[in-house]
Every structure is written in structure tokens, then in C-alpha cells.
Amino acid sequence: MAKPFDPYLKWLGIPPKHQPPNYYRLLGVELFESDPDVIANAADARMSHVKTFAGGKHSARSQKILNEISAARVCLLNEEDKLEYDAELKKASRPKAAAPPRKEAKVVAAAASTPQVPVIATGAGQSTYARRRKSSLTEEPWFLPVVVGGGIGVLAFLVVVVGMLVFSGEDKRQAGDPGEQGPKVVKPGPIEKPGPGKELGPGEEPGPGEEPGPGEEPGPGEEPGPGEEPGPGEEPGPGEEPGPGEEPGPGEEPGPGEEPGPGEEPGPGEEPGPGEEPGPGEEPGPGEEPGPGEEPGPGEEPGPGEEPGPGEEPDPRHNIPDEAAQLAARQEIRGIYKDEFDGAKDSKQKLALATRMAKEAVSTQDAVAQFVLSRMAADLAAEGGNLDLSLAIANRLGKDYKCNPMELKAEALGKTAKQIARDRTAFIANQQLVTTSRGLFDDALRANDFDSAESVLKAAGPSAKMLGSLLKNRALSAEIVKKQKEVERLRKRKDLTKKAFDALRADPNNPLANKAAGEWFCFVAGEWEKGSNFLAKSGDAKLTQAAQIEMKKPADAAEQAKLGDLWWDVAEGQEGLEKDRLQERATHWYQEAIPNLSGISRTKIEKRLADIGIVVTPHALQFGSSSTRVEIPNSGYPGGVPITVEAIVNSSYSKAPRPSNPLASSPRISRTIIGNGNGTGVWLGAVYTTSGGSWYFRVGCKVRSSTTGKPVDSSAYSNAGAVAGEWVHLAGVYDGKQVQIYVNGKLVETNKVVGPHVASPFPFVIGACPSKSSSSSRPGVAFGQSFYGKIRGIRISNTARYTKSFDPPKQLKADPDAQLVFQFSEGSGETLKDRSANKLVGNIKGATWVKVEEPKPAEEAAPSKPKAGDGN
């Protein structure tokens with residue numbers, strides 16, 4: 001029986017054991033290759049090679065691999081995406097810890113006659129930072145038995161040494177050694193400047209901070225691997241429980257589930273024994289039910305490093321290194337990179353150093369060095385004007401360390417703002433900063449992190465003021481003022497809620513105090529289960545009724561719809577965050593109910609949700625002839641500011657029909673989804689030939705062809721076909737310097753503009769392209785390049801909304817950057833309602849309404865990244 005065809009093996013020489021290949025293997029370059037020219041040339045060569053198979057019987061597989069190569073090229077040539085992808089690969093290649101780290105013991109060097117083993121002194125939390133070198137031990141399988149066999153004698157000797165040292169260390173602790181008591185503090189060790197990927201020769205051991213290769217034993221002082229037990233005489237590491245029959249050491253607390261000895265008091269954070277009550281003034285332990293009227297204060301959470309309650313998962317993140325450790329590491333890093341810091345004078349140089357240090361932070365195993373390198377890289381990125389990189393580093397720190405990433409993001413925003421807010425030429429950078437600040441503010445507010453929210457507003461203020469001056473638009477500054485007032489209002493509400501908790505401790509049935517507490521948890525914190533218990537005792541008839549139904553978690557559609565109505569009515573009397581929370585909760589219950597509702601009840605809910613931009617039953621307009629379009633009076637694009645044009649479409653074409661005359665040239669058919677001119681203005685659409693179709697985004701420019709004399713536009717095309725019958729999210733972005741097109745959230749192509757933009761005199765049209773009529777009998781506007789297919793979403797924004805790949809929205813919603821938003825939620829009638837603040841109207845000409853049955857987006861233009869570590 002013939003083997004199935006394997007294109008990776010046959011065309012690219014990638015065997016099954018390395019499939020699916022990571023991006024580097026797919027392009028045939030070294031793992032973590034950093035030279036953009038090498039990556040770009042390798043991708044081009046691979047694509048040229050694979051395209052030679054496009055016309056054969058495996059054409060579909062050829063297209064699939066071409067898309068994968070394109071995705072690899074885009075990812076590895078984008079510094080931020082490459083940094084994230086490399087981190088995933090490196091993380092996947094590290095062994096996963098199955099238990100908390102063991103306590104490490106100090107080890108002295110063996111006698112001179114003993115084979116030399118690198119020693120890492122870590123007794124006081126000391127650690128090292130060095131780039132992990134590639135070890136030939138992991139690449140030469142024949143060498144492993146020699147290492148393992150030859151190391152058994154050494155290991156036996158070292159076990160004895162370790163045991164003696166641990167016992168002597170325990171005696172020292174019992175004598176009152178302060179260095180071994182209290183929580184373990186992470187301190188920096190010697191930091192080495194990374195070298196150029198040195199290989200280890202036979203007999204060499206991995207350097208400090210490196211992990212042993214497969215089959216190797218940990219050296220002296222190293223931590224046991226996952227699943228290993230501590231050696232004889234060793235004590236469990238922090239967070240570990242004593243073994244069977246062991247007694248806690250002096251000053252140690254009993255482990256979980258143990259009872260204190262006779263006459264002993266429960267330690268801090270421990271639960272009282274059976275029948276015991278907390279003492280006067282004591283707070284209930286984690287997981288305990290508060291006493292009458294008691295609840296944690298508003299916004300209170302366990303602080304970093306606090307113990308989780310019973311049944312909770314321990315926080316796997318690192319503690320934040322202490323200030324002394326950070327200072328020492330920072331000084332050492334600045335010493336290592338002295339020349340680079342001295343040479344980083346402008347934004348470009350600072351950004352290059354930030355990117356390099358961020359990569360080093362990902363590769364090091366030293367917790368202190370990783371934290372400090374990341375913080376320094378984030379600061380340099382912000383100073384270099386790359387806010388996205390700085391925010392990405394803050395996100396990673398929040399995942400790896402017990403820190404508040406929102407605070408770090410607000411700090412990054414502030415440092416970036418200082419670099420660009422006074423530069424009136426940095427229009428796009430300031431606009432992107434204001435746009436980013438909106439999202440950060442909302443995140444901080446929803447986390448009830450009011451300090452970070454205020455920091456975000458303070459950072460965004462100068463940029464908003466400058467943009468408002470340039471655009472003659474006072475709304476931006478007014479928006480900042482409005483948000484500042486909201487933070488002040490929520491702070492006051494928090495203070496009142498604390499007083500309500502004091503009142504509840506005295507009287508658990510106090511209706512006003514219950515109302516205040518319940519409103520805080522539900523309307524501000526979004527904790528509906530906790531807050532409903534209070535609202536049920538609020539004395540407010542509507543709140544009590546809603547809370548009682550909420551606590552039942554209704555399954556009946558009528559009851560769910562009723563609960564949605566109650567929360568919606570309460571929202572009408574609220575503002576800001578509270579109103580958003582209430583409408584979100586009402587929407588939750590509406591969406592639960594709608595599948596089992598019909599008639600007037602369903603219609604009422606659909607219209608109510610449509611008013612806040614949520615489409616329950618999606619509709620679309622069908623375009624199918626030269627007379628179908630939507631005209632949008634009073635719309636247009638004067639230029640001078642960035643623009644993003646988005647659409648959710650389903651094309652009827654996959655390729656142009658072949659000409660009836662075989663000698664005729666291959667036809668090229670352009671179809672416009674939305675645009676305001678041909679040769680001038682901007683337009684988003686598709687172009688089809690007999691071999692397939694491509695999506696495009698074009699911007700008219702003041703440049704004419706030297707050969708034809710016709711205007712030349714700046715354009716970006718997708719490399720993936722415009723396939724018929726599939727829903728696709730498209731986005732075209734123009735920022736004054738370049739044009740980009742995104743297909744289903746993936747950045748497909750970026751091109752520099754060829755000249756200044758030429759504004760069009762025509763308003764925007766959906767489904768056709770307007771131009772000046774050349775007919776003397778029919779002067780005025782002509783419409784051409786008619787689109788064939790369905791459209792169910794259009795949004796135009798006055799900002800470069802996307803700068804890298806993103807998760808495409810299922811619905812296009814209004815926000816402060818949106819200048820035009822059509823959601824096609826009407827489902828009937830002759831007009832489209834604009835959901836943006838401009839409140840424009842789209843007049844439907846010939847297009848017909850159709851219901852969209854559970855629309856599903858098409859396969860991405862470029863496939864998602866393969867799982868890190870697959871087929872390395």
C-alpha cells in the first residue's frame with residue numbers, strides 16, 4: 001500500500017518527527033535566527049520553491065504551505081511577535097516543574113583529584129544570570145552513557161558531602177542563624193554578558209544557571225528535577241510539607257491539616273481547631289465564612305506573597321525581588337551593557353537595546369536578572385516610543401511575577417507620553433497613545449485600580465490636548481476631564497462602602513448598609529453572586545426582587561428575560577462603570593433567554609440590545625448587480641489623519657469567469673466593498689482573475705505613472721485567495737507612511753506609500769466605487785466596480801487602529817475613534833443606522849436584506865502559529 005503523500009518531507013525535507021515544524025525549521029534557518037535579511041531571503045526562497053508545485057495535483061497542499069510560510073515570515077520579521085514566539089519556544093523546551101523548588105544547600109568544591117564540577121552557591125538565595133549555551137551533550141546521544149556512567153562515582157561522593165553540610169546547616173539554624181530564618185529573599189548573583197553561542201566540548205559541564213542535559217544528574221547545590229525527593233538529611237524547600245513522621249523544625253508552623261500541639265495557639269493565617277472561634281479582633285482565616293455582617297472590604301484582595309486559603313491553588317509566580325537585589329542587578333547590568341547604554345542616544349538606538357535586553361530576559365533562568373532586565377527593557381522601549389513593546393513586557397512580568405501589571409502599563413504609558421506629547425509632528429504616535437490609554441483606563445477601572453486609572457489619564461492628557469488643538473476638537477480634552485470625575489466619584493463610593501461594612505458589623509440587617517455593599521460588589525466589582533446576598537436585604541423593592549431571582553440562577557426563559565429587564569431598568573438610573581456593569585448583566589440573561597423566546601418578547605430584546613451595539617440575529621445586505629449599493633451622504637475622508645477601513649464580507653466570487661474567446665487576455669475584475677473614489681480617496685475591495693482572487697486596500701496618491709500618465713495608488717494586497725462563500729473580516733490601515741491589509745486579523749502585507757494622499761470629492765459608497773461620469777447625457781456621479789456578495793459590518797476610524805496582528809471582532813462596535821459604524825442589525829427597511837457619534841445614514845439602493853445563519857469566519861489568511869515546541 002502506497003504511503004500518503006507528505007509535502008513537508010518531499011518538498012522541504014522535514015521528516016515526520018519534526019512536524020508540524022516551528023517557523024524556523026519551516027524556513028530552513030537556524031533556531032532563533034535574528035538577522036532579518038536571512039529570514040526574509042529564506043522565506044522568499046521557500047515560497048518560490050513551493051509555488052512550482054501549485055499547478056499539480058497537490059495544489060491545495062501547496063497553497064496551505066505557502067500560507068504557513070507567509071505566516072512565519074510575518075511573525076519572525078516583526079520584533080514584538082518574534083520575541084513572543086521565541087519565548088513560547090524556549091518555555092516549551094524547558095522541563096516543567098512538578099513540585100515547588102527544594103531548599104538549596106551550600107556546596108564547597110571537591111578535592112583537586114575529583115573531576116571539576118561548576119558550583120553554584122545559593123544558600124542565601126544567590127543566583128546567576130548567563131545565557132544558556134547549547135550543549136553538545138544534548139546533541140550527541142552516544143556521549144550520554146559516558147557522562148552518566150562516569151558521573152555515578154562523583155555523585156555518590158557529593159551526596160555524602162551534601163548530607164554533611166545540610167546537617168551542619170541545621171545545627172547552625174538551631175543556634176539562631178538569622179540568615180536561614182524568615183522568608184527566602186531573592187538576591188542577584190554575578191551577571192555575565194552573553195557570549196556568542198559557545199559550544200561545550202566533551203567533558204565540560206553546563207555553566208552557572210544552565211540546566212543539565214537529558215539523562216544528566218543535577219550537580220551539587222542544584223535543585224532536584226521534577227518528581228525527585230530531597231536527599232538524606234535535606235529539608236523540604238519553601239512551601240513543602242515535612243515527610244511522614246517528621247516534626248516541624250523550631251519556629252516552623254504545622255503544615256496544612258495538622259493540629260497545633262497542646263497549649264499551642266494557631267499560627268498566623270491558620271484556622272482555629274474544631275469548635276474554636278477566632279479571638280477578639282481577629283479576622284476569619286482564608287476560606288472561612290465571615291461572622292455576622294462581616295465581609296472583606298471593597299477591593300481588598302490577598303497581597304503578593306500571602307498564603308492561599310484551603311483548596312486554593314498556590315500562586316506559581318515569583319516574588320518581586322527586594323529593592324537591594326534589584327539595585328545590585330541593575331548596576332551590574334548597566335556595567336555589562338555600558339557601551340550600549342552610552343551609545344543609545346536616540347529613539348532608534350534605545351529601541352534596539354530594549355529589544356536585545358527583552359530577549360535576554362526571556363532566555364535567563366535567574367529570577368532577579370529576568371525581572372530587572374525586563375523592567376529596564378520596558379523603560380527603554382517607552383523612551384524609544386514603542387509603547388506596544390513596553391506593554392507586552394509588562395504583561396509578561398504580570399504572568400511571571402507577583403506584581404500589578406496594570407501599574408507597570410500605566411508607568412510605561414507615562415514614559416512614552418513624555419517622549420512624544422510635545423512633538424507636534426508625532427501626530428500618529430500621539431493618536432495611538434490616546435487610543436491605547438482608553439483601553440488601559442477601562443481595564444484599570446474594571447479592576448478597581450483607581451491609582452493606575454489616574455496615572456493613565458495623567459499620561460494621556462498632554463497628547464489629548466495637543467491632538468485637540470491640531471484637529472480643532474475639544475472632545476478629547478473633555479473626555480479626559482469626564483473620566484477624571486468618574487474616578488473621583490468611584491473613590492468616594494468606595495469610602496462610603498467601607499463605612500457600610502462597619503455598620504454591617506454592628507447590624508447585619510441594616511438595609512442601607514446592605515444596599516451600599518451589594519451595589520459595590522455587583523455594580524462596581526462585577527461580583528454578582530457575592531453582591532446579590534446583600535442586595536436581597538437592601539429594602540429596595542426592585543433590587544431585592546432582582547437579587548432574589550439572581551440567587552436562584554433561573555433556567556426558565558421567561559424568568560431569565562424578566563431578570564434581564566430588572567437589571568436593565570436599574571441601569572437607567574446609573575452612570576459610567578455601574579451602568580456598563582448592569583447592562584452587561586442584563587445582556588447575559590437576555591442572551592440566555594433568547595434561544596427559547598419568540599414573537600414580541602424576542603423582538604423587544606433584540607431592539608434593546610441593538611441600541612448598545614449587540615446584534616442578536618445578524619443580518620446582511622446582498623449585493624448582486626451594478627445597481628446595488630448604499631450611498632452615505634456627508635461622509636468622506638479629507639486626509640491629513642490616519643484612517644482604518646473595516647468590513648465583514650462574504651464574496652460570491654472566488655475567481656473571474658474565463659473569457660469565451662481562448663485568445664483573449666485573462667480578465668481582471670475589481671470589486672469595491674466600500675470606497676469614495678477610484679484613483680483618489682480610499683477603497684477596500686477585491687480583485688479577481690481566472691486563477692483566483694485577492695483582497696486589497698488602496699489609497700490614492702499625487703503620483704502619476706511615467707509610462708501611462710495615470711494616477712498611481714499606494715496599495716496592499718492579500719496573498720490568500722478571496723474565497724467565495726466564507727465570511728471574512730478585512731481591515732485596511734493607512735497612517736500617512738504606509739498601507740497595510742489584514743485578513744481575519746492577520747497582517748498580510750505592508751507597503752510604503754508612493755506619494756501624498758489625494759482626497760476625493762465623493763462621499764463613501766458601500767458596494768460600488770463612485771467616480772465622475774464621462775457621459776454627456778448622464779452628468780454627475782457614476783458607480784462602477786460593483787461588489788457581488790454579502791456585507792454585514794462596516795467601520796471607518798480616524799486612527800491607525802491596528803499595527804500588528806489581532807483577534808478580529810465578531811461585531812464592529814462604536815468607540816471614540818469610530819467615525820462611521822454600520823452593524824446591519826436593522827434587518828429590514830431602506831436605511832442603515834450609523835452607531836458612531838456622527839449619526840450618519842446609509843441609503844440602500846437595490847441591495848436586499850438577508851438573515852445570516854450563525855456566520856463563521858473563514859480560515860485565516862495565514863494559519864495560526866504552530867504550538868511552540870512542536871516538531872522542533
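In this predicted model, a convenient place to begin is Arg629, which is buried, with a relative accessible area of 16%. The cut-off for that label is under 20%, so Arg629 falls within the buried class. Its side chain meets that of Glu631 in a salt bridge, with a distance of 2.9 Å from N to O. Glu631, in turn, is partly exposed, at a relative accessible area of 24%. Arg629 also has an aromatic neighbour: it lies over the face of Phe783, 4.0 Å from the ring centre. Arg629 thus takes part in a salt bridge with Glu631 and sits over the ring of Phe783.

Salt bridges deserve a wider look. Side chains of opposite charge can pair when their charged atoms come close. The structure holds 31 salt bridges. One of them joins the side chains of Arg489 and Glu575, at 3.6 Å from N to O. This pair links distant parts of the chain, for Arg489 belongs to helix H15 (residues 475-506) and Glu575 to the loop between H19 and H20, 86 residues apart. Arg489 is partly exposed, with a relative accessible area of 25%. Another salt bridge is formed by Arg493 and Glu578, whose closest N and O atoms are 2.8 Å apart. Because Arg493 lies in helix H15 and Glu578 in helix H20, this pair ties together parts that are 85 residues apart in sequence. Both Arg493 and Glu578 are buried. These residues also belong to a broader arrangement: Glu486, Arg489, Arg493, Lys515, Glu519, Glu575 and Glu578 are linked in a network of salt bridges.

Aromatic rings provide another set of contacts to explore. A pair of aromatic rings is described by the distance of the centres and the angle of the planes. The structure holds 20 aromatic pairs. In one of them, the rings of Phe523 and Trp567 have centres 6.5 Å apart and planes at 85 degrees, so the pair is edge-to-face. Distant parts of the chain are linked here, with Phe523 in helix H16 and Trp567 in helix H19, 44 residues apart. Phe523 and Trp567 are both buried. Trp567 also forms an edge-to-face pair with Trp528, with 4.9 Å from centre to centre and 65 degrees between the planes. Trp528 is in helix H17 and Trp567 in helix H19, so this pair likewise links distant parts of the chain, 39 residues apart. Trp528 counts as buried at 8% relative accessibility, and Trp567 is buried with a relative accessible area of 0%. Elsewhere, ring pairs link Tyr23, Tyr24, Phe32 and Tyr85 into a cluster. Phe32 has a charged neighbour too, as Lys90 lies over the face of its ring, at 4.7 Å from the ring centre.

Helix H18 completes the picture. Spanning residues 541-552, H18 has 12 residues and reaches 17 Å from its first C-alpha to its last, close to the 16 Å expected at 1.5 Å a residue. At the start of H18, a side-chain oxygen of Asp540 comes to within 3.1 Å of the backbone nitrogen of Lys542. Just after H18, Lys553 takes a positive phi of about 50 degrees. Buried residues in H18 are Leu543, Thr544, Ala546, Ala547, Ile549 and Glu550. An α-helix has 3.6 residues a turn, so residues three or four places apart point the same way. The cover over the buried residues of H18 includes helices H16 (511-524), H17 (528-535), H19 (557-571) and H20 (576-593).

Methods: Residues numbered from 1 in each chain as written. Predicted model: local features only at pLDDT ≥ 70, side-chain atom pairs only at ≥ 80, totals over all residues. Heavy atoms only, no water. Helix = DSSP H or I, 4+ residues; strand = E, 2+ residues; numbered from the N terminus. Expected span 1.5 Å × (residues − 1). Buried < 20%, exposed > 50% of the residue type's maximum accessible area, 1.4 Å probe, protein only. Contact = heavy atoms within 4.5 Å. Polar contact = N/O pair within 3.5 Å; in protein donor to acceptor, adjacent residues only side chain to side chain. Salt bridge = Lys/Arg side-chain N within 4 Å of Asp/Glu carboxyl O. Phe/Tyr/Trp six-rings, centres within 6.5 Å; stacked < 30°, edge-to-face > 60°. Lys NZ or Arg CZ within 6 Å of the ring centre and 35° of its normal.
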